[in-house]
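Here's a quick briefing on the side-chain contacts in this one. Have the sequence and the model open as you read.

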Amino acid sequence: MRVLIVATGWNNRGALATSRALAKAGWEVGCATGDLKGLLANSRSISRLHRTPPPTADLDGFVEATASALRSSSYEAVLPSSDAETFALSLGRDRLPVPLPYPAHEAVLGAFDKLELTRTAADCGIGTPWTAPATDASVVGDGPVVVKVRFHWRPGSVGMPGRWRTYVCADREEARRRIAEMRAAGGDPLLQEVVPGPLLHCHVLIDRGGSLVAAVQQRSEPVTESPLTWPPGAGVRVRSVTVPLDQELVAKITVMLRRLGWFGFVGLMFIVGADGVPRLVDFNGRIPMSFQQSIAACPPLPDLWARVAAGWPIGAPPAVRTGVRYQWLWGDLRRAVSEGRGGRAADVLGCLAYARGATHGIWSSEDPWPVLRSWQQNLRRLAHRLVKGPRLRRSRSAIEL
C-alpha cells in the first residue's frame, strides 16, 4: 500500500501527523514537497521524497511533478494538505494516474466557496452567521465585523497567497481598509457577522456512496472565555479537547455533504453562540492542522481516508475517544506572551502545564527530527524579529527627528 502526501510548504503539522499514522497502519508514505528541509520531509515516516513546486507559483509544474511522482513509485492514493494543492490536483485530475478522494471539480469549488457554503448549510438546518459579499454598501454600522476571503486560493491565482488571514475589524474604517487590501492583492472579500463563543471542529469522513464513516468533534478551550487562538481573535485555536458527538448536528452535516456532492474527508469549523447553536464558518476539505488530535482519538482515521481515496473497501466504523486534549505549543506560547491572560508569566506557565498530557502535532519521541527543525526555525524567526524591531524603531525615530 503506497500513498503520496502533498505538502509543498515548510510547516504542516497535520500532514506530519497523517504520515506517521499511515506508516503505523502499514502504508508506504511518500512526500511531494517544495522544501526538502520542511517538517514532513524530515520525518522517519517518509519512505520517498519528491521535489514539487508549490501550485501558487507554478500550477502546471506542480500538477506535472505530482503526476510524475505518482507514476514513478506506483502510488495508489494521494492526499493534499492545503486548499491550493486540493484545487490544483482537482483541476488537473485527468493528468493523474490515481483517483482523487474528491468529487467533480465543480463540486470541490462549490464546497470551498464560503458564501455558497453558508446558503447550503442554512438550507440543511445548520446554523450560519450572516455572510455577504464585501461592498461599500454592505459595510454599515459601527460594530465589529469579520472580513475574510471567499476562497483561500483558486486555479488561476498563481502568484497570490495560498492562504489568507481572517480579520475581526473593530469598526467600518478598519473593515474598509482590510477589504481594500484583500481586493488589491487579488482576493474576493466577504463580510461576516461576529459570533462570540467557543470553537467547535468536526472532522468527518464520508465514503464514495455518501455514507458517514467516522466523525470526531473537538471543542476549543477554555469554554467560559473567548477561545485561545494564535493570532488572537481570529486565528488558529491552540488548545482543544475531543467531546461526544452531537448526533443531530452530524446528521445535518451528512445531509449537507450529500447535497454538496462531497465525499472523502472534511474539517468543518463552527462557533457556538450564546444560544448554544453551532454556526458553520469554515470548510477545509484537506489535511487539517489539528489532525493529530482526531488521530489520537480515532487512530484508524487516516488509513480509512486513504482507502476511500484509493477506492478500496473499508471496515466497520471505528471507535472514537473523548477527552483527548490537544495543544499547539508554539502558538500557545506566542499567544500567552502577546495576551498575558491573568499576567504574562502566569499565562506562559499555564501553557507549559497544559502541555503535559496533551497530544501535540509535531512532537514524537520516535520521530524527533521534525520538532527539532520546527523549534530551530521558530527561534531563528524570533531572533530575526528581535533584531529587526529595535532597528525599525531607531529608523522611525530618525525620520521623526
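D303 is tucked away in this predicted model: its relative accessible area is 14%, so it counts as buried, the cut-off being under 20%. Its salt-bridge partner is R307, with N to O at 3.1 Å. R307 comes out as partly exposed, because its relative accessibility is 22%. Below is the rest of the tour, by topic.

**Salt bridges**

- Back to D303 and R307 for a moment: both sit in helix α9 (residues 301-310), and because they are 4 residues apart, about one helical turn separates them.
- Salt bridges that share partners also build a network, made up of R239, D332, R335, E339, R341 and D347.
- How many salt bridges turn up when the whole structure is searched? The count is 23.
- One of them joins the side chains of D367 and R20, at 2.9 Å from N to O.
- That pair links distant parts of the chain, 347 residues apart: R20 belongs to helix α1 (residues 13-24), while D367 is in the loop between β17 (359-360) and α12 (369-400).
- Are D367 and R20 buried or exposed? Both of them are buried.
- D83 and R163 make another salt bridge, this one at 3.8 Å from N to O.
- D83 is in helix α3 (residues 83-91) and R163 is in the loop between β6 (145-149) and β7 (167-169), so this contact ties together parts that are 80 residues apart in sequence.
- The two ends of that bridge get different labels: D83 has a relative accessible area of 3%, so it is buried, whereas R163, at 42% relative accessibility, is partly exposed.

**Aromatic pairs**

- The search of the whole structure gives 11 aromatic pairs.
- F112 and F283 are one such pair, edge-to-face, with 5.5 Å centre to centre and 70 degrees between the planes.
- Why does this pair tie together parts that are 171 residues apart in sequence? Because F112 lies in helix α4 (residues 105-112) and F283 lies in strand β15 (residues 278-284).
- Both F112 and F283 are buried.
- F265 and W305 have ring centres 5.0 Å apart and planes at 35 degrees, so that pair is tilted.
- This pair, too, links distant parts of the chain: F265 is in strand β14 (residues 264-272) and W305 is in helix α9, 40 residues apart.
- As for accessibility, F265 is at 0% and counts as buried, and W305 is buried with a relative accessible area of 0%.
- Which residues do ring pairs link into a cluster? They are F87, Y102, F112, F151, W262 and F283.

**Charges over a ring**

- Take a look at Y354: the charged end of R239 sits over its ring, 4.8 Å from the centre.
- R325 lies over the face of Y354 as well, at 4.5 Å from the ring centre.
- R239 is worth a second glance, as it is also one of the residues in the salt-bridge network with D332, R335, E339, R341 and D347.

Conventions
Residues are numbered from 1 along each chain as its sequence is written. Side-chain values use heavy atoms; hydrogens and water are left out. A salt bridge is a side-chain nitrogen of Lys or Arg within 4 Å of a carboxyl oxygen of Asp or Glu. Helices (H or I, at least four residues) and strands (E, at least two) are DSSP runs, numbered from the N terminus. Buried means under 20% relative accessible area, exposed over 50%, partly exposed in between (1.4 Å probe, protein chains only). Rings of Phe, Tyr and Trp (its six-membered ring) pair if their centres lie within 6.5 Å; planes under 30 degrees apart count as stacked, over 60 as edge-to-face and the rest as tilted. A charge sits over a ring if NZ of Lys or CZ of Arg is within 6 Å of the ring centre and within 35 degrees of the ring normal.
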